[in-house]
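Me: Got a model open here and I'd like to talk it through. Can you walk me around it?

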Amino acid sequence: MANVTVIGSQWGDEGKGKIVDWLASRADAVVRFQGGHNAGHTLVVGNQTYKLSLLPSGIVTGTLSIIGNGVVLDPWALRDEIAKLRGQGVTINAENFAIADNCALILPFHRDLDALRETAAGAGKIGTTGRGIGPAYEDKVGRRAIRVCDLAHLDHLEPQLDRLTAHHDALRAGFGEPPIDRDALVAELREIADFVLEYAQPVWKRLKKVRKAGARILFEGAQGVLLDIDHGTYPFVTSSNTVSGTAASGSGLGPGAVGFVLGIAKAYTTRVGSGPFPTELEDETGQRLGERGHEFGTVTGRKRRCGWFDAVLVRQSCAVSGVTGIALTKLDVLDGFEKVRICTGYRLRGKILDYFPAHAADQAAVEPIYEEMDGWSESTAGARSYADLPAQAIKYIQRVQELIETPIALVSTSPERDDTILIRDPFSD
C-alpha cells in the first residue's frame with residue numbers, strides 16, 4: 001500500500017485539514033513532520049468543527065497520530081489543545097498518540113524573543129505568529145535546545161541551561177529584559193514533564209513497525225511550500241522546510257517512505273502576513289474572494305490577502321516538492337464570477353519570467369501576466385462528481401492542470417469531508 005504525504009502548494013491555508021481528515025479515515029497512522037503550533041487546520045466532521053494547531057488531524061478519527069522529531073513542541077500548548085479536544089469527545093491516549101522523544105521544545109523565553117524581535121523590526125517585520133517557533137528552531141540548530149527526552153532528566157539539565165542562557169541572556173539584555181530565571185524554568189518543566197512523557201517514545205521505531213506491517217502512513221505537512229525556509233519567499237517564510245522531502249527527516253523514516261505527494265492548492269490564492277504576492281487583489285474582487293472563502297487564519301484570526309490563481313508559483317512548488325498530484329480546493333468560491341483569471345507568467349523590468357525569482361526585491365517587482373477565462377454562474381458547492389460541475393468550471397480545472405504541469409488528483413467543493421471529487425486515489429498507487 002502507498003503512503004501519502006500532504007503538503008501545501010501555496011502560502012499555507014489551502015484547506016489541508018479537510019483533505020488530511022478525509023485521507024486519515026483510510027490511513028493507519030498520521031504523522032506531523034515539521035512546524036509547530038503556528039500551523040492551523042480546521043476540520044468539519046458532521047456537525048462538529050475541530051480546530052487543530054499541533055495535533056495531527058487523524059486524532060479526531062482515533063487514527064494513530066504521531067508528532068515527529070521535525071516538529072518543535074510547545075508542551076503547554078499541547079496540554080491545552082488536548083484538553084480542548086477531549087472536551088469535544090475526542091479520545092487521546094498513549095495508544096493513539098505519540099511524540100518523538102527527540103523533539104525540541106518551545107519554551108516561554110522563545111515566545112518572548114519572538115515578540116521582542118517583531119516589535120523592534122519596524123518595516124522589516126516578517127509577520128510571525130509570535131509563538132516562539134523561529135527561536136526554538138534556532139536553538140535546535142545551535143545545539144542548545146531542550147528536548148522532550150530531557151524532561152526525564154531535569155536534574156541533569158545544567159549543561160544545556162548553560163548553553164541556553166549564554167545565548168539568550170545576551171539577547172535579552174540587548175532588549176532591556178532580565179536574564180532567564182533558571183529555577184523558574186526548571187520548575188515549569190517539572191510541572192509539565194509527566195504529561196508530555198506519557199506520550200514520548202522513539203517514534204522512528206514505532207513507525208518502522210507500522211510500515212513493516214504494510215500499514216498506510218499519512219504524512220501531514222504544515223504551512224506551504226512558498227513558506228519553506230529554502231524554497232519560499234525568503235525572508236517572509238517559516239522556520240522549517242515545508243517541502244515533501246522533510247517527511248523523511250522529520251519522522252525518522254527514509255525517503256522511500258514519502259510515497260504519493262499530494263499538493264494542496266486553492267482555486268485562487270491567499271496569503272497571511274507580510275511578503276510578496278504578485279496576484280493580490282486590493283479591490284472589490286479581492287474582498288469578494290475573502291468573504292466567500294471565509295479567509296481568516298485558523299491560528300491568528302488574521303484576515304488573509306486574496307488574489308487570482310498563480311500557476312507560476314504552484315508549478316514551481318510542484319517541481320521543488322516532487323508533487324505527484326494536486327488537490328484543488330475551494331472551487332465553489334469562484335462560483336458566480338463573470339470572468340476568472342490565472343497568472344501564467346511575470347514581467348520583470350522588461351523581461352518575461354516563467355518562474356518566481358529568489359531575491360526579495362525582484363519578487364516584489366514582478367507583474368503578473370494573466371490569462372482570462374469565462375466564469376460560471378451555476379453552483380459547484382457540494383459537487384461530488386465531474387458530472388455535477390458546470391462546463392466552464394471543468395475547463396478552468398483542466399487549464400490549471402496544464403499550466404502547473406501536474407495532474408489534478410481531486411477537487412474539493414466545500415468544507416464537508418464527503419464533498420470531494422476523486423480523480424486519482426493517492427492511496428492506490
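**The sheet and its helices**

Reply: Sure. There is an open sheet of 10 strands with mixed pairing, in the order β9-β7-β5-β2-β10-β1-β11-β15-β19-β20. Strands and helices here are DSSP runs numbered from the N terminus (helices H or I, at least four residues; strands E, at least two), and two strands pair if DSSP finds at least two bridges between them.

Me: Which strands stand at the edges?

Reply: β9 (200-201) and β20 (420-422). Each has a single partner strand, so one side of each is left without a neighbour in the sheet.

Me: How do β19 and β20 pair?

Reply: In the antiparallel sense, over three bridges, with β19 covering residues 408-412. Leu-410 stands opposite Leu-422 in β20.

Me: And what does helix α1 touch in the sheet?

Reply: Helix α1 (residues 16-24) packs on the sheet and touches β1 (4-8), β2 (29-32), β10 (217-220), β11 (260-266), β15 (325-329), β19 and β20. Contact means heavy atoms within 4.5 Å. The direction of α1 makes about 170° with that of β1; axes are lines fitted to C-alpha atoms, for helices over the stretch in contact, and angles run from 0 to 180 degrees between N-to-C directions.

Me: Which strands does α7 lie across?

Reply: Helix α7 (residues 203-212) lies across β2, β5 (64-67), β7 (97-100), β9 and β10, and runs at about 145° to β5.

Me: Before we go on, what are the ground rules for these numbers?

Reply: It's a predicted model, so local features need pLDDT of at least 70 and side-chain atom pairs count only at pLDDT 80 or more, while totals for chains, interfaces and linings use all residues. Residues are numbered from 1 along each chain as its sequence is written, and side-chain values use heavy atoms, with hydrogens and water left out.

Me: OK, new topic. Which residues does UniProt list for "active site"?

Reply: The unreviewed UniProt entry lists Asp-13, His-41 and Lys-140. UniProt positions are given in the numbering used here, feature names are shortened, and annotations may be inferred rather than shown by experiment.

Me: How far apart are the farthest two C-alpha atoms of those?

Reply: They are 26.2 Å apart, and the residues span 128 residues in sequence, so they do not all gather at one spot.

Me: What about the "binding site" listing?

Reply: For that, the unreviewed UniProt entry lists Asp-13 and Gly-40. They span 28 residues in sequence, yet no two of their C-alpha atoms are more than 7.7 Å apart, so they gather at one spot.

Me: Asp-13 comes up in both lists. Where is Asp-13 found, and what does Asp-13 touch?

Reply: Asp-13 is in the loop between β1 and α1. Not counting residues up to four places away in sequence, Asp-13 touches Lys-266, Thr-270, Val-272 and Arg-304. Asp-13 counts as partly exposed, at 24% relative accessibility. The cut-offs are under 20% relative accessible area for buried, over 50% for exposed, and partly exposed in between (1.4 Å probe, protein chains only).

Me: And His-41, buried or exposed?

Reply: His-41 is buried, at 7% relative accessible area, and is found in strand β3 (residues 41-45). Gly-40 is in the loop between β2 and β3 and is partly exposed at 22%.

Me: Switching to charges. How many salt bridges are there?

Reply: The structure holds 22. A salt bridge is a side-chain nitrogen of Lys or Arg within 4 Å of a carboxyl oxygen of Asp or Glu.

Me: Which parts of the chain does the Arg-26 and Asp-425 pair link?

Reply: Their side chains meet in a salt bridge (2.5 Å, N to O). Arg-26 is in the loop between α1 and β2 and Asp-425 is in the segment after β20, 399 residues apart.

Me: What about Arg-144, buried or exposed?

Reply: Arg-144 counts as buried at 12% relative accessibility. Arg-144 forms a salt bridge with Asp-139, the closest N and O atoms being 2.5 Å apart, and Asp-139 counts as buried too, at 1%.

Me: Where do Lys-339 and Asp-374 lie?

Reply: Lys-339 lies in strand β16 (residues 339-348) and Asp-374 in strand β18 (residues 367-374), so the pair ties together parts that are 35 residues apart in sequence. Elsewhere, salt bridges that share partners join Asp-13, Lys-266, Glu-295, Arg-304 and Lys-330 into one network.
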